[in-house]
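The following exercises concern the packing, interface, backbone and charge pairing of a two-chain model. Each task is followed by a solution in steps.

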Amino acid sequence: MQNTIQEIQDLFPRIMINEVIIPDEHTLNDMWINYGFEGINKLFNERLNHNESSVQIEQESTLNQVYEGKLEFITPLGSYFILGNLSTELSNMKVSIRFDEFYSKRKHINKVDLYDRTQLMNLAKSISEVEHIDINLLEADLLKLTDLLESYREELFELASPELVKSKNKNLLPPEKQREAIQFLSESNLINRIDELIESSGVVGEESNRKMIFIIASTYKMLHPLHGLVQGTSGSGKSHLINSIANLMPQEDILNMTRVTSKSFYHYQDDDLINKLILIQDFDGLDSEAQFAFREMQSAGFVSSSTTYKDKYGKLVSTVKRVNANFASLVATTHAEIYYDNMSRSIVVGVDESAKQTLSIIEYQNKKTAGHIDERKIIQSKELLQNCIRILKPFQVVNQYADKLQLPVEAKMLRRLNTHYQSFVNQITLLHQFQREKDDQGRLVATIEDLELACEILFDAIMWKIDELDSSLRQFFDLLKLYIIKQPQGKQQSFSTREIRQTFNLSKTQAFRYIDELKSLEYIHVISGSSNKGYRYQVAYWDDMEKTRQRVKEGLMNQIQALK
Amino acid sequence: MRNKIEILKMIHTSMNNGIRSGKSILARDWLKDRSLSIELTQACYNSGQIHHRKSDAYIEELLSVGFLTKSDAPTTTGKKGHGCFAKDSIVFPLRDKNGDVVNFYGIRIQTVSEITGYLNQEGIYPAYPPKQTTILYITKNIMDAASLMESKQLENRDAVMALFDGELKPQHIEAIKELTQLKEIIFIH
């Protein structure tokens, strides 16, 4: 018999094994006949234990989540399921609870408040009556379940609370990376070297624009951030441009928004919009209220709304909710003109839509697909630029040449343009902060080199302010003039919309829009034709933007030379 | 020819009738001496005459399950004689996991030393323990198990299993493995 006992013990180590030894010369039958119930009882109570020490304690039952909205709690009596989400009101624990009895597989579904003792007892009583289970065991199970649910609900609350989500000091760089970045920022010819890195990180073409957008984006940490508005027709690569430049900024500081609801800007918490770079992929998608809030934050630096709310006694109280904002933004749109108010606060950038740019993009895309581009180099360049931005600090800048430079008077909104220009110069100084001197108040001193660079890079943006036509229209008009001059009748040549559309390979709506706008600006006029046979147009205004550009550029350069 | 389960069921019915018939006084006295009841222990009686005056096909069936064995004993009809399993014995049925009778254990009641025997090595007496068992009693032999069941020491979730005279068989291990709620095993010997 001992062998058998050992065998069972080996096979089932977790089960307690006891022995009842019948005295020699007797059988259980004898005992039963002679001693009856009491005798057998006594015999069994004296049973010897074999392996109490090696039997392990049963595991505690825990709460499992089966899927969203269903929690499971398994006990020896059966399975309890909590259906639906827990109430957020902490004073009650109203649940829909389903109990599956273990053997009979019968289900009991009830709605109870587990914090209410009476309801809990009634539930236990009703189940115990049907299933013949000890009511105390059920009550113990339900109380345990209530405890587990309480801790579970607390965990959910903590997760939803915003304090845990933010961690302030994320951008602590390891020392070698810091050194590398400082080294990079301390050497001369910084802007050109930044330009090289931008190119090697995957931004194709747009030589003039990319530097400007990079500098605009890098102002987000500084005291006076700048805003950029990228304008171009559908599919010209505006989003691509802002996204590729945004990738070169520390990603933790970027807010990339596809959609903005009208009132969302008014309800941000404290630091949400401080020192961030905001990207809006399609500004045309914002409604007027959101645009208004955005403009206010750009110029004033905060929005505040006066609203009412109910205090704890139910009384209506008024309050002013203020959201502080200090961000730089890059926004893409197809129609820059429509957002006249926005235009003044942002530096307008036009996407290069020429055939040459298209070719270089295609070439780059092909190279990438064929595997000729070194991916590691791209990642390295990105990382270096990101680290450089991370270690820049927001100093104040003094520019003693501020009042010495005059911007061309033909420019629209000269005041704003001036502000932009000054900020731009400041930002260039800030980028060079490891190479510039500080005055005795700890402010960086701007040099003539900074002014020169600013003039060069910002030149296109200045020109857009002078130009009546927006970037894509200007490019089209220049091509049109070149085309017309080559025609047999020279400058007097008339043309139809179809001719233009087919020559320049435009879509129907695109061609129509261009012609329509030029017509309304009176750069072209109708010379003959009718509405059903089609109109023929002629160029009415042969402006020479080239000449103007030349003139303005020379003017600025001369001023700078004079300062040296 | 019917299958084994059906044949054994038929034999079991016949033996159940046997113990309840008016003639089997000795069998019932035997049980009474040991304070065992028919209802609680599932005991029945085999007089050993089950095959008398029965058709050849019937005898074939009994032979197939091993209940009868061919012998050279003389018979009144002149045909070949047969030996019967557990002749003149109290018989206890052993069941498989579906509850069908698959085996018998018999105790000769009129011999001086009680001769016991198993028909085959399958089954468990009294049955496979139910799944909700928490305490399992294992006895050395069937008599002990019967006495235990009779003494009603068993509570709601207890069960008994009898070994084959102290021998552990594969079906015992199989049965224990099914018991997910099992907490304790008590060996009685």
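**Exercise 1. Determine which elements of chain B the buried residues of helix H2(B) pack against, and how those residues are arranged about the helix axis.**

*Solution.* Step 1. The model is predicted: local features require pLDDT of at least 70, side-chain atom pairs count only at pLDDT 80 or more, and totals for chains, interfaces and linings use all residues. Residues are numbered from 1 along each chain as its sequence is written, chains are lettered from A and ligands numbered from 1 in the order in which they are written, and side-chain values use heavy atoms, with hydrogens and water left out.

Step 2. Helices (H or I, at least four residues) and strands (E, at least two) are DSSP runs, numbered from the N terminus. Helix H2 of chain B spans residues 25–33, and its buried residues are Ala27(B), Trp30(B) and Leu31(B). The classes are buried (under 20% relative accessible area), exposed (over 50%) and partly exposed (in between), with a 1.4 Å probe and protein chains only.

Step 3. Viewed down the axis of H2(B), the buried residues fall within an arc of 95°, so they line one face of the helix. The arc is taken over the directions from the helix axis to the C-beta atoms. An α-helix has 3.6 residues a turn, so residues three or four places apart point the same way.

Step 4. Contact means heavy atoms within 4.5 Å. The buried residues of H2(B) pack against helices H1 (4–20), H3 (38–41) and H5 (142–151) and strands E1 (44–46), E4 (89–95) and E5 (101–108) of chain B.

Step 5. On the other side of H2(B), Ile25(B), Leu26(B), Lys32(B) and Asp33(B) are exposed. Just after the helix, Ser35(B) takes a positive phi of about 55°.

**Exercise 2. Characterise the interface: how much area do chain A and chain B bury between them, and how many residue pairs are in polar contact across it?**

*Solution.* Step 1. Chain A contributes 30 residues to the contact and chain B 32 residues. The two chains bury about 2900 Å² between them, 66% of it on carbon and sulfur atoms. Buried area is the accessible area (1.4 Å probe) that two parts lose on being put together, summed over both.

Step 2. In chain A, Met1(A), Trp32(A) and Tyr103(A) lose the most area to chain B, together 21% of what that side buries.

Step 3. There are zero salt bridges between chain A and chain B, a salt bridge being a side-chain nitrogen of Lys or Arg within 4 Å of a carboxyl oxygen of Asp or Glu. The rule does find 14 residue pairs in polar contact across the interface, both residues at pLDDT 80 or more. A polar contact is a pair of N or O atoms within 3.5 Å; within protein, one must be able to donate a hydrogen and the other to accept it, and residues adjacent in sequence count only if both atoms are side-chain atoms.

Step 4. Helix H1 (2–11), strand E1 (16–20) and helix H2 (28–45) of chain A each give two or more residues to the side that touches chain B. The largest share of that side, eight residues, comes from H2(A).

**Exercise 3. Locate Asn189(A) and Arg53(B), and state what phi each has.**

*Solution.* Step 1. Most residues other than glycine have a negative phi, and most peptide bonds are trans.

Step 2. Asn189(A) has a positive phi near 60°. This residue lies in the loop between helix H6 (175–186) and helix H7 (190–200) of chain A, and is partly exposed at 45% relative accessibility.

Step 3. Arg53(B) likewise has a positive phi, near 60°. Its loop runs between E1 and helix H4 (56–65) of chain B, and Arg53(B) is exposed with a relative accessible area of 86%.

Step 4. The peptide bond from Tyr125(B) to Pro126(B) is cis, with omega near -10°. Pro126(B) is placed in the loop between strand E6 (116–118) and strand E7 (135–139) of chain B.

**Exercise 4. Which parts of chain A does the salt bridge of Arg390(A) and Glu252(A) link?**

*Solution.* Step 1. The structure holds 22 salt bridges over all chains. In one of them, the side chains of Arg390(A) and Glu252(A) meet at 3.0 Å, N to O.

Step 2. Arg390(A) belongs to helix H13 (residues 375–391) of chain A, and Glu252(A) to the loop between helix H9 (238–246) and strand E9 (254–257) of chain A; the pair links distant parts of the chain, 138 residues apart.

Step 3. Arg390(A) is buried, with a relative accessible area of 18%, whereas Glu252(A) is partly exposed at 28%.
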